[in-house]
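Trainee: I would like to go through this model with you and ask, for each label we attach to it, what justifies the label. Could we start with the ligand and then move outward?

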Amino acid sequence: MSALMHRLQMEIPIIQAPMAGTSTPALAAAVAAAGGLGSIALGAVDAQAGRKMIAATRALVNKPFNVNLFCHAPAVRDATREAAWLAALAPAFARFGATPPAEIHEIYRSLNADPEMAEMLVAERPAVVSFHFGLPPADLVTRLKAEGVVLLASATSLDEARAVAAAGMDGVVAQGYEAGGHRGIFDPAGADDRLSTLALVQVLARELSIPVIAAGGIMTGGGIAAAFAAGAELVQLGTAFIGCPESAADAGHRAALASSAAFHTVMTDAISGRPARCLANGFTALAATLDTPRAAYPVAYDAGKALNAAAKAAGDASFGAQWAGQGAPLARALPAAELCDLLMREYASVRAALAVR
Ligand SMILES: Cc1cc2nc3c(=O)[nH]c(=O)nc-3n(C[C@H](O)[C@H](O)[C@H](O)COP(=O)(O)O)c2cc1C
(Lines give C-alpha, C1' and ligand atoms only; values in the text may rest on other atoms or scores of the structure.)
Protein backbone atom coordinates (compact mmCIF):
# COMPACT_ATOMS: atom_id res chain seq x y z
CA MET A 1 0.00 0.00 0.00
CA SER A 2 1.34 3.46 -0.89
CA ALA A 3 2.04 6.10 1.77
CA LEU A 4 -0.70 8.29 0.31
CA MET A 5 -3.27 5.47 0.52
CA HIS A 6 -2.24 4.82 4.10
CA ARG A 7 -2.53 8.52 5.01
CA LEU A 8 -6.00 8.67 3.43
CA GLN A 9 -7.19 5.39 5.02
CA MET A 10 -7.78 3.95 1.55
CA GLU A 11 -8.14 0.21 1.12
CA ILE A 12 -8.49 0.32 -2.67
CA PRO A 13 -6.43 2.62 -4.94
CA ILE A 14 -9.42 4.28 -6.60
CA ILE A 15 -10.35 7.96 -6.41
CA GLN A 16 -13.87 8.80 -7.56
CA ALA A 17 -13.29 12.00 -9.53
CA PRO A 18 -14.84 15.23 -8.38
CA MET A 19 -17.52 16.10 -10.94
CA ALA A 20 -19.21 19.46 -10.47
CA GLY A 21 -22.96 19.01 -10.87
CA THR A 22 -22.65 15.20 -11.12
CA SER A 23 -20.83 13.89 -8.05
CA THR A 24 -22.77 14.10 -4.80
CA PRO A 25 -22.15 13.60 -1.07
CA ALA A 26 -23.92 10.22 -1.43
CA LEU A 27 -21.54 9.13 -4.21
CA ALA A 28 -18.44 10.29 -2.32
CA ALA A 29 -19.65 8.57 0.85
CA ALA A 30 -20.39 5.29 -0.98
CA VAL A 31 -16.90 5.24 -2.53
CA ALA A 32 -15.29 6.10 0.81
CA ALA A 33 -17.24 3.32 2.51
CA ALA A 34 -16.04 0.94 -0.23
CA GLY A 35 -12.44 1.80 0.67
CA GLY A 36 -11.70 4.32 -2.08
CA LEU A 37 -11.43 8.09 -1.93
CA GLY A 38 -14.71 9.82 -2.71
CA SER A 39 -14.78 13.42 -3.94
CA ILE A 40 -17.24 16.26 -3.87
CA ALA A 41 -16.87 19.17 -6.29
CA LEU A 42 -17.36 22.76 -5.15
CA GLY A 43 -16.39 24.42 -8.44
CA ALA A 44 -19.97 25.46 -9.21
CA VAL A 45 -21.12 26.53 -5.74
CA ASP A 46 -20.39 29.31 -3.24
CA ALA A 47 -18.79 28.93 0.19
CA GLN A 48 -22.11 28.51 2.00
CA ALA A 49 -23.30 25.72 -0.29
CA GLY A 50 -19.83 24.17 -0.18
CA ARG A 51 -19.92 24.06 3.61
CA LYS A 52 -23.29 22.30 3.43
CA MET A 53 -21.93 19.72 0.97
CA ILE A 54 -19.02 18.97 3.29
CA ALA A 55 -21.42 18.59 6.25
CA ALA A 56 -23.72 16.35 4.18
CA THR A 57 -20.80 14.08 3.27
CA ARG A 58 -19.56 13.97 6.87
CA ALA A 59 -23.06 12.99 7.98
CA LEU A 60 -22.91 9.97 5.65
CA VAL A 61 -19.40 8.66 6.24
CA ASN A 62 -16.71 8.93 8.88
CA LYS A 63 -13.76 8.63 6.49
CA PRO A 64 -11.51 11.01 4.58
CA PHE A 65 -12.89 12.49 1.35
CA ASN A 66 -11.74 15.00 -1.23
CA VAL A 67 -13.11 18.51 -1.74
CA ASN A 68 -12.39 19.95 -5.21
CA LEU A 69 -12.11 23.57 -6.32
CA PHE A 70 -11.54 25.42 -9.59
CA CYS A 71 -8.52 27.76 -9.73
CA HIS A 72 -8.99 29.40 -13.13
CA ALA A 73 -8.00 32.95 -13.96
CA PRO A 74 -11.22 34.94 -13.42
CA ALA A 75 -13.09 35.78 -16.64
CA VAL A 76 -12.00 38.87 -18.54
CA ARG A 77 -15.36 40.42 -19.46
CA ASP A 78 -15.77 41.64 -23.03
CA ALA A 79 -19.25 42.97 -23.90
CA THR A 80 -18.62 42.91 -27.67
CA ARG A 81 -17.39 39.33 -27.65
CA GLU A 82 -20.24 38.18 -25.39
CA ALA A 83 -22.84 39.86 -27.64
CA ALA A 84 -21.29 38.22 -30.71
CA TRP A 85 -21.39 34.82 -29.01
CA LEU A 86 -25.05 35.24 -28.05
CA ALA A 87 -25.83 36.34 -31.61
CA ALA A 88 -24.10 33.21 -32.93
CA LEU A 89 -26.26 31.05 -30.62
CA ALA A 90 -29.49 32.93 -31.46
CA PRO A 91 -30.54 30.66 -34.38
CA ALA A 92 -30.22 27.62 -32.09
CA PHE A 93 -32.39 29.32 -29.45
CA ALA A 94 -34.87 30.21 -32.22
CA ARG A 95 -35.16 26.55 -33.20
CA PHE A 96 -36.58 25.95 -29.73
CA GLY A 97 -38.88 28.99 -29.88
CA ALA A 98 -36.62 30.93 -27.50
CA THR A 99 -34.25 33.88 -27.51
CA PRO A 100 -30.79 34.12 -25.93
CA PRO A 101 -30.62 35.70 -22.47
CA ALA A 102 -30.26 39.50 -22.50
CA GLU A 103 -27.23 39.24 -20.23
CA ILE A 104 -24.82 36.49 -19.29
CA HIS A 105 -22.84 36.36 -16.08
CA GLU A 106 -19.73 34.91 -14.47
CA ILE A 107 -21.76 32.15 -12.81
CA TYR A 108 -18.88 30.51 -10.86
CA ARG A 109 -16.12 32.20 -8.92
CA SER A 110 -12.58 30.90 -9.04
CA LEU A 111 -11.23 29.91 -5.62
CA ASN A 112 -8.45 32.40 -6.38
CA ALA A 113 -11.01 35.24 -6.29
CA ASP A 114 -13.17 33.86 -3.48
CA PRO A 115 -11.72 34.61 -0.02
CA GLU A 116 -14.89 33.30 1.69
CA MET A 117 -14.38 29.89 0.08
CA ALA A 118 -10.72 29.89 1.13
CA GLU A 119 -11.65 30.69 4.76
CA MET A 120 -14.36 28.01 4.72
CA LEU A 121 -11.83 25.38 3.56
CA VAL A 122 -9.33 26.29 6.27
CA ALA A 123 -12.08 26.21 8.91
CA GLU A 124 -13.58 22.90 7.73
CA ARG A 125 -10.21 21.15 7.19
CA PRO A 126 -11.38 18.39 4.83
CA ALA A 127 -8.90 15.50 4.70
CA VAL A 128 -8.11 16.23 1.05
CA VAL A 129 -8.49 19.32 -1.13
CA SER A 130 -7.85 19.13 -4.87
CA PHE A 131 -7.49 21.87 -7.47
CA HIS A 132 -8.39 21.99 -11.16
CA PHE A 133 -7.49 24.58 -13.87
CA GLY A 134 -4.52 25.92 -11.89
CA LEU A 135 -3.14 26.39 -8.42
CA PRO A 136 -4.35 28.32 -5.39
CA PRO A 137 -2.42 31.21 -3.78
CA ALA A 138 0.70 30.11 -1.87
CA ASP A 139 -0.62 31.40 1.47
CA LEU A 140 -3.70 29.17 1.20
CA VAL A 141 -1.46 26.16 0.47
CA THR A 142 0.56 26.97 3.59
CA ARG A 143 -2.54 27.35 5.75
CA LEU A 144 -4.21 24.15 4.52
CA LYS A 145 -1.00 22.16 4.96
CA ALA A 146 -0.65 23.54 8.48
CA GLU A 147 -4.11 22.02 9.16
CA GLY A 148 -2.89 18.63 7.91
CA VAL A 149 -4.91 18.73 4.68
CA VAL A 150 -3.58 16.57 1.82
CA LEU A 151 -3.40 18.65 -1.36
CA LEU A 152 -3.72 17.42 -4.97
CA ALA A 153 -3.85 19.27 -8.29
CA SER A 154 -4.52 18.33 -11.91
CA ALA A 155 -1.91 18.69 -14.64
CA THR A 156 -2.14 18.02 -18.36
CA SER A 157 1.58 18.51 -19.15
CA LEU A 158 5.01 18.20 -17.58
CA ASP A 159 5.27 21.98 -17.14
CA GLU A 160 1.97 22.11 -15.24
CA ALA A 161 2.98 19.07 -13.18
CA ARG A 162 6.28 20.71 -12.25
CA ALA A 163 4.34 23.77 -11.09
CA VAL A 164 2.06 21.46 -9.06
CA ALA A 165 5.06 19.82 -7.37
CA ALA A 166 6.80 23.18 -6.80
CA ALA A 167 3.63 24.52 -5.12
CA GLY A 168 3.93 21.80 -2.48
CA MET A 169 1.09 19.53 -3.58
CA ASP A 170 1.12 15.99 -2.16
CA GLY A 171 0.20 14.41 -5.49
CA VAL A 172 -0.51 15.30 -9.10
CA VAL A 173 -3.57 14.16 -11.05
CA ALA A 174 -2.21 13.39 -14.52
CA GLN A 175 -5.20 14.14 -16.71
CA GLY A 176 -4.91 12.75 -20.23
CA TYR A 177 -6.67 14.13 -23.30
CA GLU A 178 -9.15 11.24 -23.24
CA ALA A 179 -10.57 12.37 -19.89
CA GLY A 180 -14.20 13.37 -19.53
CA GLY A 181 -15.28 16.81 -18.39
CA HIS A 182 -13.21 19.95 -18.29
CA ARG A 183 -9.60 19.70 -19.31
CA GLY A 184 -7.54 20.92 -16.37
CA ILE A 185 -5.12 22.85 -18.59
CA PHE A 186 -4.04 26.02 -16.76
CA ASP A 187 -4.16 28.33 -19.80
CA PRO A 188 -6.62 27.12 -22.42
CA ALA A 189 -5.38 29.82 -24.85
CA GLY A 190 -1.82 28.45 -24.66
CA ALA A 191 -0.21 25.50 -26.44
CA ASP A 192 -1.61 22.03 -25.70
CA ASP A 193 0.28 18.82 -26.60
CA ARG A 194 -2.90 16.82 -25.86
CA LEU A 195 -0.97 14.01 -24.18
CA SER A 196 -2.77 10.75 -23.56
CA THR A 197 -3.11 9.48 -20.01
CA LEU A 198 -0.59 6.68 -20.54
CA ALA A 199 2.07 8.97 -22.06
CA LEU A 200 1.55 11.69 -19.45
CA VAL A 201 1.65 9.27 -16.51
CA GLN A 202 4.90 7.70 -17.72
CA VAL A 203 6.57 11.09 -18.21
CA LEU A 204 5.43 12.44 -14.84
CA ALA A 205 6.39 9.24 -13.00
CA ARG A 206 9.92 9.56 -14.39
CA GLU A 207 10.30 13.31 -13.89
CA LEU A 208 8.61 13.97 -10.54
CA SER A 209 9.05 12.63 -7.05
CA ILE A 210 5.45 13.20 -5.89
CA PRO A 211 2.79 10.49 -6.42
CA VAL A 212 1.12 10.46 -9.83
CA ILE A 213 -2.63 9.80 -10.03
CA ALA A 214 -3.77 8.67 -13.49
CA ALA A 215 -7.01 10.19 -14.83
CA GLY A 216 -8.62 9.78 -18.22
CA GLY A 217 -10.20 6.84 -20.00
CA ILE A 218 -9.84 4.37 -17.09
CA MET A 219 -13.02 2.30 -16.93
CA THR A 220 -12.03 -1.29 -16.06
CA GLY A 221 -9.63 -3.32 -13.94
CA GLY A 222 -7.47 -3.63 -17.06
CA GLY A 223 -7.34 0.16 -17.36
CA ILE A 224 -6.30 0.38 -13.71
CA ALA A 225 -3.54 -2.21 -14.26
CA ALA A 226 -2.28 -0.26 -17.29
CA ALA A 227 -2.11 2.97 -15.28
CA PHE A 228 -0.16 1.28 -12.49
CA ALA A 229 2.21 -0.36 -14.99
CA ALA A 230 2.83 3.13 -16.41
CA GLY A 231 3.88 4.42 -12.99
CA ALA A 232 0.69 5.72 -11.39
CA GLU A 233 0.23 5.27 -7.65
CA LEU A 234 -3.54 5.81 -7.70
CA VAL A 235 -6.23 6.13 -10.36
CA GLN A 236 -9.00 8.73 -10.62
CA LEU A 237 -12.15 7.69 -12.48
CA GLY A 238 -14.92 10.08 -13.46
CA THR A 239 -16.97 8.71 -16.35
CA ALA A 240 -17.07 5.25 -14.75
CA PHE A 241 -19.11 6.73 -11.86
CA ILE A 242 -21.58 8.90 -13.84
CA GLY A 243 -24.11 6.08 -14.23
CA CYS A 244 -24.12 5.19 -10.53
CA PRO A 245 -27.52 5.73 -8.89
CA GLU A 246 -25.75 7.93 -6.31
CA SER A 247 -24.69 10.48 -8.98
CA ALA A 248 -26.71 13.57 -9.90
CA ALA A 249 -26.50 12.92 -13.66
CA ASP A 250 -29.82 13.75 -15.31
CA ALA A 251 -31.89 11.29 -17.33
CA GLY A 252 -30.60 12.64 -20.66
CA HIS A 253 -26.97 12.19 -19.63
CA ARG A 254 -27.59 8.67 -18.32
CA ALA A 255 -29.53 7.65 -21.43
CA ALA A 256 -26.86 9.01 -23.79
CA LEU A 257 -24.10 7.26 -21.81
CA ALA A 258 -25.96 3.96 -22.04
CA SER A 259 -26.62 4.32 -25.79
CA SER A 260 -24.44 4.03 -28.88
CA ALA A 261 -23.87 7.80 -28.51
CA ALA A 262 -21.23 6.84 -25.93
CA PHE A 263 -18.91 5.72 -28.73
CA HIS A 264 -18.35 9.35 -29.75
CA THR A 265 -16.99 12.11 -27.55
CA VAL A 266 -15.87 15.59 -28.54
CA MET A 267 -13.53 18.11 -26.90
CA THR A 268 -15.37 21.42 -27.17
CA ASP A 269 -15.07 24.89 -25.67
CA ALA A 270 -18.50 26.01 -26.91
CA ILE A 271 -20.54 24.78 -23.97
CA SER A 272 -18.68 26.50 -21.14
CA GLY A 273 -15.90 28.62 -22.68
CA ARG A 274 -13.14 26.13 -21.71
CA PRO A 275 -12.27 22.85 -23.43
CA ALA A 276 -14.22 19.92 -22.02
CA ARG A 277 -14.92 16.43 -23.34
CA CYS A 278 -18.62 15.78 -23.96
CA LEU A 279 -20.66 12.98 -25.50
CA ALA A 280 -21.34 13.90 -29.12
CA ASN A 281 -24.76 15.56 -28.97
CA GLY A 282 -26.82 18.43 -30.33
CA PHE A 283 -24.55 21.00 -28.66
CA THR A 284 -21.27 19.55 -29.94
CA ALA A 285 -22.77 19.33 -33.48
CA LEU A 286 -23.78 23.00 -33.22
CA ALA A 287 -20.32 23.90 -31.87
CA ALA A 288 -18.65 22.39 -34.91
CA THR A 289 -20.52 24.88 -37.12
CA LEU A 290 -19.58 27.99 -35.10
CA ASP A 291 -16.21 29.66 -35.43
CA THR A 292 -17.27 32.77 -33.51
CA PRO A 293 -14.89 33.30 -30.55
CA ARG A 294 -16.61 31.99 -27.44
CA ALA A 295 -17.38 34.21 -24.44
CA ALA A 296 -14.92 33.60 -21.60
CA TYR A 297 -15.37 30.72 -19.13
CA PRO A 298 -17.68 30.54 -17.20
CA VAL A 299 -19.69 33.35 -18.84
CA ALA A 300 -20.20 31.19 -21.94
CA TYR A 301 -21.49 28.45 -19.63
CA ASP A 302 -24.36 30.74 -18.59
CA ALA A 303 -25.41 30.92 -22.26
CA GLY A 304 -24.86 27.17 -22.69
CA LYS A 305 -27.08 26.38 -19.73
CA ALA A 306 -29.79 28.72 -21.08
CA LEU A 307 -29.66 26.97 -24.46
CA ASN A 308 -29.94 23.58 -22.75
CA ALA A 309 -32.95 24.81 -20.74
CA ALA A 310 -34.63 26.06 -23.93
CA ALA A 311 -33.93 22.75 -25.71
CA LYS A 312 -35.20 20.71 -22.75
CA ALA A 313 -38.38 22.82 -22.57
CA ALA A 314 -38.92 21.93 -26.23
CA GLY A 315 -38.37 18.23 -25.50
CA ASP A 316 -34.75 17.97 -26.76
CA ALA A 317 -32.35 16.52 -24.17
CA SER A 318 -29.30 16.69 -26.45
CA PHE A 319 -27.98 20.15 -25.51
CA GLY A 320 -26.79 19.25 -22.02
CA ALA A 321 -23.20 19.39 -20.80
CA GLN A 322 -23.04 15.60 -21.10
CA TRP A 323 -19.40 15.34 -20.05
CA ALA A 324 -17.77 11.94 -20.56
CA GLY A 325 -14.37 10.51 -21.43
CA GLN A 326 -13.35 8.35 -24.36
CA GLY A 327 -13.99 5.22 -22.31
CA ALA A 328 -17.70 6.09 -22.09
CA PRO A 329 -18.98 2.95 -23.90
CA LEU A 330 -17.45 0.90 -21.07
CA ALA A 331 -19.52 2.63 -18.36
CA ARG A 332 -21.57 0.40 -16.07
CA ALA A 333 -24.60 1.72 -14.25
CA LEU A 334 -23.98 0.03 -10.91
CA PRO A 335 -24.19 1.28 -7.33
CA ALA A 336 -20.80 2.81 -6.48
CA ALA A 337 -19.83 0.12 -3.94
CA GLU A 338 -20.59 -2.65 -6.45
CA LEU A 339 -18.63 -0.84 -9.14
CA CYS A 340 -15.59 -0.45 -6.86
CA ASP A 341 -15.79 -4.12 -5.96
CA LEU A 342 -16.08 -5.16 -9.62
CA LEU A 343 -13.17 -2.93 -10.66
CA MET A 344 -10.95 -4.48 -8.00
CA ARG A 345 -11.96 -8.04 -8.97
CA GLU A 346 -11.19 -7.25 -12.61
CA TYR A 347 -7.86 -5.71 -11.58
CA ALA A 348 -6.94 -8.83 -9.59
CA SER A 349 -7.76 -11.14 -12.49
CA VAL A 350 -5.76 -8.99 -14.95
CA ARG A 351 -2.78 -9.11 -12.58
CA ALA A 352 -3.10 -12.87 -12.25
CA ALA A 353 -3.35 -13.30 -16.03
CA LEU A 354 -0.28 -11.09 -16.59
CA ALA A 355 1.72 -13.02 -13.97
CA VAL A 356 1.37 -16.33 -15.87
CA ARG A 357 2.12 -14.85 -19.28
C1 LIG B 1 -19.15 14.80 -15.52
C2 LIG B 1 -17.73 15.21 -15.18
C3 LIG B 1 -17.53 16.34 -14.40
C4 LIG B 1 -16.22 16.69 -14.02
N5 LIG B 1 -16.04 17.76 -13.17
C6 LIG B 1 -14.82 17.96 -12.61
C7 LIG B 1 -14.65 18.88 -11.54
O8 LIG B 1 -15.60 19.52 -11.07
N9 LIG B 1 -13.41 19.02 -11.02
C10 LIG B 1 -12.33 18.30 -11.48
O11 LIG B 1 -11.23 18.45 -10.95
N12 LIG B 1 -12.46 17.43 -12.49
C13 LIG B 1 -13.68 17.24 -13.06
N14 LIG B 1 -13.82 16.29 -14.05
C15 LIG B 1 -12.62 15.60 -14.57
C16 LIG B 1 -12.22 14.45 -13.64
O17 LIG B 1 -11.55 14.93 -12.50
C18 LIG B 1 -11.25 13.46 -14.32
O19 LIG B 1 -10.10 14.14 -14.80
C20 LIG B 1 -11.88 12.71 -15.47
O21 LIG B 1 -13.19 12.30 -15.15
C22 LIG B 1 -11.05 11.48 -15.80
O23 LIG B 1 -11.43 10.93 -17.02
P24 LIG B 1 -12.61 9.84 -17.18
O25 LIG B 1 -13.86 10.64 -17.12
O26 LIG B 1 -12.34 9.27 -18.52
O27 LIG B 1 -12.49 8.88 -16.05
C28 LIG B 1 -15.10 15.94 -14.46
C29 LIG B 1 -15.34 14.81 -15.27
C30 LIG B 1 -16.62 14.45 -15.63
C31 LIG B 1 -16.81 13.21 -16.47
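Mentor: A backbone N or O atom of Ala20 lies 2.9 Å from an oxygen atom of the ligand, and please keep in mind throughout that this is a predicted model.

Trainee: What makes the approach of Ala20 to the ligand a polar contact?

Mentor: The cut-off for a pair of N or O atoms is 3.5 Å, and the backbone atom of Ala20 is 2.9 Å from a ligand oxygen, so the pair qualifies as a polar contact. A backbone N or O atom of Gly238 is likewise placed 2.9 Å from an oxygen atom of the ligand, while for Thr239 a polar side-chain atom is found 2.5 Å from a ligand oxygen. The protein covers 99% of the 590 Å² of accessible area that the ligand has on its own.

Trainee: Which residues are closest to the ligand, and how many surround it?

Mentor: The ligand is surrounded by 23 residues, the closest being Ala20, Asn68, Gly217, Gly238 and Thr239. At least two residues of this shell come from each of β3, β9 (234–237) and α10 (239–242).

Trainee: How is the shell around the ligand divided into nonpolar, polar and charged residues?

Mentor: The division is 11 nonpolar, 12 polar and no charged. Glycine counts as polar in this scheme, so Gly217 and Gly238, both among the closest residues, fall on the polar side.

Trainee: Since β9 contributes to that shell, how do you know which strands pair with β9?

Mentor: Two strands are said to pair if at least two bridges are found between them. Strand β1 (residues 14–16) and β9 are parallel and have 3 bridges, with Gln16 opposite Leu237, and strand β8 (residues 212–215) is also joined to β9 by 3 bridges in the parallel sense, with Ala215 opposite Gln236. Within β9, Leu234 and Gln236 point one way and Val235 and Leu237 the other way, and all are buried.

Trainee: Why is strand β6 described as largely enclosed?

Mentor: The description follows because 5 of the 5 residues of β6 (residues 171–175) are buried. Gly171, Val173 and Gln175 point one way from the strand, whereas Val172 and Ala174 point the other way, and all are buried. Strand β5 (residues 150–155) pairs with β6 in the parallel sense over 4 bridges, and the bridge partner of Ala155 is Ala174.

Trainee: What makes β7 and β10 edge strands?

Mentor: They belong to an open sheet of 3 strands in the order β7-β11-β10, with antiparallel pairing, and β7 (181–182) and β10 (265–268) are its edge strands, each pairing on one side only. The link between β7 and strand β11 (residues 276–279) consists of 2 bridges; the requirement is at least two bridges, so this pairing meets it. Within this sheet, His182 stands opposite Ala276.

Trainee: Why is Asn308 called buried, Arg125 partly exposed and Ser260 exposed?

Mentor: Asn308 has a relative accessible area of 15%, and buried means under 20%, so the label applies. This residue lies in helix α13 (residues 299–313) and touches Phe319 and Gly320, not counting residues up to four places away in sequence. Ser260, in the loop between α11 (251–257) and β10, has a value of 58%, and since exposed means over 50%, Ser260 is exposed. Arg125 has 47% relative accessibility, which places it in between those two cut-offs, and therefore it counts as partly exposed.

Trainee: What else is notable about the backbone of Arg125?

Mentor: Phi of Arg125 is near 45°, a positive value in a residue other than glycine, and Arg125 sits in the loop between α5 and β4. In the preceding helix α5 (residues 115–124), the buried residues are Met117, Ala118, Met120, Leu121, Val122 and Glu124, and these pack against α3 (47–60), β3 (66–70), β4 (128–132) and α6 (138–146). Arg194 has a positive phi too, near 55°, and is placed in the loop between β7 and α8 (197–207).

Trainee: How do you know that the peptide bond between Tyr297 and Pro298 is cis?

Mentor: Omega for this bond is about -5°, and the bond is a cis peptide bond. Pro298 is found in the loop between α12 (282–288) and α13.

Key
Residues numbered from 1 in each chain as written. Predicted model: local features only at pLDDT ≥ 70, side-chain atom pairs only at ≥ 80, totals over all residues. Heavy atoms only, no water. Buried < 20%, exposed > 50% of the residue type's maximum accessible area, 1.4 Å probe, protein only. Contact = heavy atoms within 4.5 Å. Near = heavy atom within 4 Å. Polar contact = N/O pair within 3.5 Å; in protein donor to acceptor, adjacent residues only side chain to side chain. Areas by Shrake-Rupley, 256 points an atom, 1.4 Å probe, with all protein chains shown as cover.
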